[in-house]
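Colleague: I'm new to this one. Can you walk me through it?

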Amino acid sequence: MDVSDSRRLYSRALELLPGGVNSPVRAMRSVGLDPIFMARGEGSRLYDVDGNEYIDYVGSWGPLILGHSHPAVRDALEKTLRDGTSFGAPSPLEVELAERIVGAVPSIEMIRMTNSGTEATMSALRVARGYTGREKIIKFIGCYHGAVDSLLVQAGSGVATLSLPDSPGVTAGTSADTILADYNDLGGVRGIMSREGEQVAAIIVEPVAGNMGTVPPAEGFLEGLRSLAGEYGSVLIFDEVMCGFRVAFGGAQERYGITADMTCLGKIIGGGLPVGAFGGGRDIMETVAPAGDTYQAGTLSGNPLAMAAGVSTLDQLSRPGTYDRLEEKSARLASRMEAIVRASGYPLSLNRVGSMMTLFFSDEPVTDFSSAKACDTDLYADYFKHMLDQGIYLAPSQFEAAFVSLAHSDDDLDRTAEAAASFLLNP
Ligand code: KE4
């Protein structure tokens, strides 16, 4: 496969950008490749600068549930762009998107837009601390909530991918208030809360973990967190930046029937433009400036282009039968992959929640970060390269999710399974 233009761009980028990228997990280091520079996306396809075509399962790391360059999103952006890009003043589309999100997630009575998921989780923690007057937070090992100092402690995604120690620059003081627990270990959380619950401002969790690979919540885990947070007066924060509007229109809260006190969103609600948001009950959210005293701000928060892309994306997703179609597509791929898992000589297990899934190179069930870390990441790298050569673009990391979009055709999905079989059934 000719990637010479990518190579030339990469050597220029290495002089200008740390690691030649603007986000580490794109660097493809853990799969032993140089990053591929993409020129265009359309539907389920990505096209790199050398003209190679790929069936895309990264989907910009989750936002592109409709596929690349969806006509409705493109039209909304073109129309909005004609009137300008940002006014530094409120604009109607901010109200439009807020109404749609509040309508979709009952626990969200009010919401604040940000420009990234990182800002959303960082701000939600500040609000929870301000609201409770407490300082400690509980996060789960392997969960990733963005590049937030107090949350870059045994985090997933790019931190796990690059096997980074907890990031330099995060001070002992910052992480001193972060208490770690194992994902799906409700007993461990119960023990922490029995000792320190009165000082815990918030429990923050990916209700469906996607940043150690896809790891579903164990039976009773989310319910247990809900009751413990309630018992000790801590704020339960669902970080739904990835699973929001992904695993159901109402996200994990709809799928599992659990109500969070605060919810962080991003990715899909921006339809591919920079966005994040945090929301919750009126009592908590009216503590946020200027309604209340907890400060949070952003020059481009709620900017018209991101709002337009988000509104058009959610309007597409709200159409009847959309998630049934997404489930049909996802189940089609998953059933073929599960047959391969059964027939393969490789150690494999597949985790899936709706249209996010991960093939783990381990024959042990992956239920938390320690079981995810036990995977054979070298084998994953070989699989990744094989799939890339077959024109299938997966996440360049064992600790990420693959995303099926509404643009993936049956032929795309079947071709993907065939490509996987050509590697996994021929050890
Ligand atoms: P951003 O700041 O990257 O918009 O969102 C941070 C974030 C917060 N919470 C969850 C659950 C997330 O998954 C993320 C970001 N996800 C990664 C992919 N696993 C972003 C990819 C990247 O870092 O380039």
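Modeller: One term first: Ala, Val, Leu, Ile, Met, Phe, Trp, Tyr, Cys and Pro count as nonpolar, Asp, Glu, Lys and Arg as charged, and the others, Gly among them, as polar. This is a predicted model: local features need pLDDT of at least 70, side-chain atom pairs count only at pLDDT 80 or more, and totals for chains, interfaces and linings use all residues. Residues are numbered from 1 along each chain as its sequence is written, and side-chain values use heavy atoms, without hydrogens and water.

Colleague: What classes of residue line the largest cavity?

Modeller: The lining has 14 nonpolar, three polar and one charged residues. A cavity here is a set of points on a 1 Å grid over the protein atoms alone where a 1.4 Å probe fits but cannot get out; lining residues have an atom within 4 Å of a point.

Colleague: What volume does the largest cavity have?

Modeller: About 210 Å³, as the space filled by probe spheres set on the points. Of its 18 lining residues, the closest to the centre are M357, L359, Y383, L394 and A402.

Colleague: And the second largest cavity, what is its volume?

Modeller: About 50 Å³. Its lining includes D56, H68, R246 and F403. By class, that is three nonpolar, six polar and two charged residues for the whole lining.

Colleague: New topic. How many disulfides?

Modeller: Zero, counting pairs of cysteine sulfur atoms within 2.5 Å.

Colleague: Why is C143 not bonded to C243?

Modeller: Because their sulfurs are 10 Å apart, too far for a bond. C243 also has the nearest cysteine sulfur to that of C264, 11 Å away.

Colleague: Is C264 buried or exposed?

Modeller: Buried, at 0% relative accessible area; the cut-off is under 20%, with exposed over 50% and partly exposed in between (1.4 Å probe, protein chains only).

Technical notes
On a 1 Å grid over the protein atoms alone, a cavity is a set of points where a 1.4 Å probe fits but cannot get out, and a pocket is an open set with protein on both sides within 12 Å along at least five of seven lines; lining residues have an atom within 4 Å of a point.
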